[in-house]
Structures are given as C-alpha cells and as structure tokens.
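Please examine the sequence and the three-dimensional structure below. The paragraphs that follow explain how parts of the chain meet one another.

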Amino acid sequence: ASPTALNSLLPVDHIRAGFVTAYCLSSDGQRVAYVAGQRSVERHELFVTAADGSGTPLLLHAFEGPGFVSDDLGYAPDGARVLYRAGASFQQQELFSVPDDAGAPPARLSGDLVAGGRVLPGFAATASGALVVYRADESEDERVELWSAPVDGSAARLRLHAPLAATRDVLEFKLAALGERVAFRGALDTD
C-alpha cells in the first residue's frame with residue numbers, strides 16, 4: 001500500500017513552513033497523536049487522527065498566541081489519554097494530559113511553577129496508567145524534584161521524597177515494569 005498523509009495541509013508563510021515535530025501511536029495502533037504547526041507556523045499544537053488516515057485530524061491542545069507542545073509526548077497505557085509537555089516557551093513547560101477523543105479539555109498535571117520552573121523531559125506513566133511520574137523544578141527554580149500526579153488530573157501532584165537541601169536534585173528515575181514502584185538517583189544528602 002502507498003503511504004497516507006495523516007496530518008492536514010501545513011501552512012507556509014514567506015519565511016517558514018509548518019511541519020510535524022513528533023508523534024506517537026496509541027497502544028492498540030489505531031490512533032496517532034502528533035505535534036505540528038498545522039494551523040500556524042508560530043504554534044506547535046497537539047492533534048490526533050486515525051492511524052489508517054480515515055478521519056480528519058482533531059485538535060487536542062490549542063494556543064491562542066505563540067506557544068508549543070514539546071516533542072516529549074506519549075499515550076497512557078490504556079490508550080485513552082495523551083501525556084505531553086506544553087507551554088508558551090521552552091523555558092516554562094508544564095505537564096498535561098488530554099483524552100484522545102477531545103472529550104474534555106487538557107488537564108494540567110504539574111503544580112504551579114515558580115518563576116523559571118519547568119517540567120523536564122522524560123515523564124512516565126505507571127503500568128496501571130493511574131499515575132504519571134515526572135521531574136520538575138516546581139517549588140524552587142533549579143532544584144529538580146520527583147513528582148507524581150493522577151493521569152486524569154483528578155487530584156493534586158505529590159512530591160515523592162523529603163524536601164531537598166540547597167543545590168540538590170533528582171537526576172533520573174525508573175519505574176518498575178509491572179508495579180507501582182519508582183527508583184531514582186539524585187543528590188539528596190545535606191552536605
């Protein structure tokens with residue numbers, strides 16, 4: 001079979017052209033979520049469409065002014081929600097989820113960010129799909145901590161460790177493949 005374009009026609013202005021920057025497949029392979037400058041070259045927004053090209057792309061996260069959804073996106077394990085980072089600038093990315101049928105508006109999963117704070121790349125959903133774990137400097141700029149939040153945004157996020165001393169960070173984390181445990185590496189001592 002010949003290739004099928006899944007996105008709509010992309011805009012072109014006198015200097016730039018819109019383009020698809022990232023995509024992911026639902027766990028059943030039926031839907032594709034993608035980030036594109038599809039409505040404007042100044043906004044990278046989140047869309048979803050049928051993987052076989054049979055439908056019209058559906059806008060999941062829109063921006064009224066400049067803004068973008070980052071290339072860091074993925075489906076929750078049950079395939080019902082898309083997890084992604086978005087913001088008005090690269091320096092102020094927040095974590096969101098949205099049903100892939102656009103049945104509800106995007107839910108912000110990260111807490112209020114301090115000035116200069118952002119959610120870092122590399123979030124992960126637990127095997128059950130109930131929670132997402134992520135790193136962010138939410139409570140103090142440049143102090144990266146480990147957080148979890150319900151994938152649907154139904155409750156506030158939770159820090160997964162005691163408060164960190166000055167100049168201490170969580171550097172990375174791994175989720176257990178079959179469980180709800182998380183291991184992480186970081187400089188947590190008070191020295």
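Which side chain meets that of R108 in a salt bridge? The partner is E94, with a nitrogen-to-oxygen distance of 2.8 Å. The model considered here is a predicted one. Side chains of opposite charge can pair when their charged atoms come close. R108 belongs to strand 8 and E94 to strand 7, so this salt bridge ties together parts of the chain that are 14 residues apart in sequence. R108 is partly exposed, at 38% relative accessibility, whereas E94 is buried, at 17%. E94 counts as buried because its value of 17% falls under the limit of 20%. The pair also belongs to a network of salt bridges, in which E94, R108 and D112 are linked.

The overall architecture provides the setting for this pair. The chain contains 14 strands and zero helices. Of its 191 residues, 43% are buried. The accessible surface of the chain is about 9800 Å², and carbon and sulfur atoms account for 54% of this area. Contacts also reach across the sequence: among those between residues at least 6 apart, 40% join residues at least 24 apart.

The interior may be considered next. The largest nonpolar core consists of 16 residues, and A33, L46, V69, L73, V82 and Y84 have the most contacts inside it. Six strands each supply at least two residues of this core: strand 1 (20-25), strand 2, strand 3 (43-50), strand 5 (67-75), strand 6 (81-87) and strand 7. V82 illustrates how residues come together here. Apart from its neighbours within four places in sequence, V82 is in contact with several residues, including A33, L46, L73, F96 and D100. A second core, separate from the largest one, has 13 residues, among them L83, F123, V132 and Y134.

D100, one of the contacts of V82, leads back to the charged side chains. D100 forms a salt bridge with R31, and their closest N and O atoms are 3.1 Å apart. This pair links distant parts of the chain, since D100 lies in the loop between strand 7 (94-99) and strand 8 (107-108), R31 lies in strand 2 (residues 31-40), and the two are 69 residues apart. D100 is buried at 10% relative accessibility, while R31 is partly exposed, with a relative accessible area of 25%.

A further salt bridge joins R157 and E138, whose closest N and O atoms are 2.5 Å apart. Both residues are found in loops: R157 between strand 11 (145-150) and strand 12 (158-159), and E138 between strand 10 (131-136) and strand 11, with 19 residues separating them in sequence. Is E138 buried or exposed? E138 is buried, with a relative accessible area of 1%, whereas R157 is partly exposed at 27%.

The surroundings of E138 complete this part of the picture. Not counting residues up to four places away in sequence, E138 touches S110, G111, D112, L113, V114, W147 and R157. With G111 there is a polar approach as well: a polar atom of the E138 side chain lies 3.1 Å from the backbone nitrogen of G111. D112, also touched by E138, is a member of the network that includes E94 and R108. In total, the count for the model comes to eight salt bridges.

Methods:
Residues are numbered from 1 along each chain as its sequence is written. This is a predicted model: local features need pLDDT of at least 70, side-chain atom pairs count only at pLDDT 80 or more; totals for chains, interfaces and linings use all residues. Side-chain values use heavy atoms; hydrogens and water are left out. A salt bridge is a side-chain nitrogen of Lys or Arg within 4 Å of a carboxyl oxygen of Asp or Glu. Helices (H or I, at least four residues) and strands (E, at least two) are DSSP runs, numbered from the N terminus. Buried means under 20% relative accessible area, exposed over 50%, partly exposed in between (1.4 Å probe, protein chains only). A polar contact is a pair of N or O atoms within 3.5 Å; within protein, one must be able to donate a hydrogen and the other to accept it, and residues adjacent in sequence count only if both atoms are side-chain atoms. Contact means heavy atoms within 4.5 Å. Accessible areas come from the Shrake-Rupley method with a 1.4 Å probe; for residues, only the protein chains shown count as cover. A nonpolar core is a set of buried Ala, Val, Leu, Ile, Met, Phe, Trp, Tyr and Cys residues joined through side-chain atoms within 4.5 Å.
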